[in-house]
Amino acid sequence: MPSKGEVRLGEIDRRLGSLISHSRGVVSQLKELNQKSKDLRVELRDISSKIAEERQDLQVLFVESRSLRDSRSQLIEKIRTSREAIRNVEKSVMGFEDVSSGENEEILSRQLEAIEWKLQAERLSRDEERGLVDHIKILETRLHNWRKAYSKRQHLSDLVGDSREIRAKIDELDERRAFVREKIGPNKESVKGRVAARTQLFDELDENREDVKELVTSMHRAGDEISQLREERGALHESLRLRNASSFASRRMSLLNEKKGEAKKKLQEGKSLSLDELKLAFDQEDELVR
């Protein structure tokens, strides 16, 4: 039946085997976690770089959007000013509405030339001459009004054309602004998604660090227990060795005493003895023990 020391040695060896296996498993897990941390850091660098790029793109889009908004405001102000000018010109044109729409500068000029030629070339009575002079004044007034109306209408046409051009530019700006807004929306969502993903990666990295700390603590505890068990095992081995040595010496001494008794008995009976038996019979067993 094994002794308590031997039983304890078996328990220690089994526990040591379990702890060493556990420590090897911890080392393997630590290697995996270390590689995972490296992979997470690489992924973090990549996603941070992409976030920086997309934010830069967004900044460019925001600047363009503000510029387009300011340009549109300026054009809207020009439209307002242009419309006011158009209304003023339209009002001034109304003052010349008595000019016949069928007349033009050429017709009125020919009529004036004809009357002026008649005044110079023909013999006219005073009444006829006065009538032609009055007619000339009427034609000159009508020609002046026609030219004024024409100038106003031309100016009005130019203003309307400018207004249309401004309106077209506003439409172009609106189209570009819509395009920019369409790009800003998805880009903002993309950045938002990447930031959330990066936050998750940071959380995973923190969890990984905690797992590493727990494993290292576990490995240190196992190492401390292994050291203690090895010390205990060494002490038990030494104790068992000493006990076994003592037991062996005791058994040997008992055997010698037994042989000594037999040798002395043979000596008393006058029987022949061997040299070793003689030594035992005369209590010289020390030489045999050595």
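The chain has 5 helices and 0 strands, in a model that is predicted. If you follow the sequence from beginning to end, the elements come in the order α-α-α-α-α. Two of these helices will keep us company on this tour: helix 1, which covers residues 4-94, and helix 3, which covers residues 126-268.

Before we visit single residues, let's look at the chain as a whole. It has 290 residues, and 23% of them count as buried. Its accessible surface comes to about 20800 Å², and carbon and sulfur atoms account for 49% of that area. Now consider who touches whom. Among contacts between residues at least 6 apart in sequence, 82% join residues at least 24 apart. Keep that number in mind, for the next few stops show what such contacts look like.

Start with L44, which has its place in helix 1. Is L44 buried or exposed? L44 has a relative accessible area of 8%, which is under the 20% cut-off, so it counts as buried. Which residues does L44 touch, once its neighbours within four places in sequence are left aside? The partners are R198, L201, F202 and L205. Take L201 from that group: L44 and L201 are 157 residues apart along the chain, yet their C-alpha atoms are separated by 6.8 Å. It is a nice reminder to look at the 3D view as well as the sequence.

Next, find L229 in helix 3. With a relative accessibility of 8%, L229 counts as buried. Setting aside neighbours within four places in sequence, L229 is in contact with R8, I12, R15, L16 and L19. You can also pick out D13 here: L229 and D13 are 216 residues apart in sequence, while the distance from C-alpha to C-alpha is 8.5 Å.

A third buried residue is S163, at 12% relative accessibility. S163 is also found in helix 3. Not counting residues up to four places away in sequence, S163 touches I79, S82 and I86. For contrast, turn to V133, another residue of helix 3. V133 counts as partly exposed, with a relative accessibility of 32%. The C-alpha atoms of V133 and I115 are separated by 8.4 Å, and the two residues are 18 apart along the chain.

Now let's turn to charge. Side chains of opposite charge can pair when their charged atoms come close. How many salt bridges does the structure hold? There are 9, and three of them are worth a visit.

The pair R194 and E54 forms a salt bridge in which the closest N and O atoms are 3.2 Å apart. Because R194 lies in helix 3 and E54 in helix 1, this pair ties together parts that are 140 residues apart in sequence. The two partners have their own settings: R194 is partly exposed at 26% relative accessibility, whereas E54 is buried, with a relative accessible area of 16%.

The salt bridge between R209 and D206 spans a short stretch of sequence. Both residues lie in helix 3, and they are 3 residues apart, about one turn of the helix. Their side chains meet at 2.7 Å, N to O. R209 counts as partly exposed at 40% relative accessibility, and D206 is partly exposed too, with a relative accessible area of 40%.

The third pair is D70 and R69, whose side chains meet in a salt bridge at 3.7 Å, N to O. D70 is partly exposed, with a relative accessible area of 40%, and R69 counts as partly exposed at 42%.

Our last stop is on the surface. Which residues form a negative surface patch? The patch is made by D203, E207, D211 and E214. Look at E214, which is found in helix 3. Its relative accessible area is 54%, which is over the 50% cut-off, so E214 counts as exposed.

To look back over the tour, compare a few places in the 3D view. L44 is buried and belongs to helix 1, while L229 is buried and belongs to helix 3. The bridge from R194 to E54 links helix 3 with helix 1, and E214 sits exposed in the negative patch.

Technical notes. Residues numbered from 1 in each chain as written. Predicted model: local features only at pLDDT ≥ 70, side-chain atom pairs only at ≥ 80, totals over all residues. Heavy atoms only, no water. Patch = residues over 30% accessible without salt bridge, like charges linked within 9 Å, V, L, I, M, F, W, Y side chains within 5 Å. Areas by Shrake-Rupley, 256 points an atom, 1.4 Å probe, with all protein chains shown as cover. Salt bridge = Lys/Arg side-chain N within 4 Å of Asp/Glu carboxyl O. Lys, Arg positive; Asp, Glu negative; His and termini not counted. Charge placed at Lys NZ, Arg CZ, Asp CG, Glu CD. Helix = DSSP H or I, 4+ residues; strand = E, 2+ residues; numbered from the N terminus. Buried < 20%, exposed > 50% of the residue type's maximum accessible area, 1.4 Å probe, protein only. Contact = heavy atoms within 4.5 Å.
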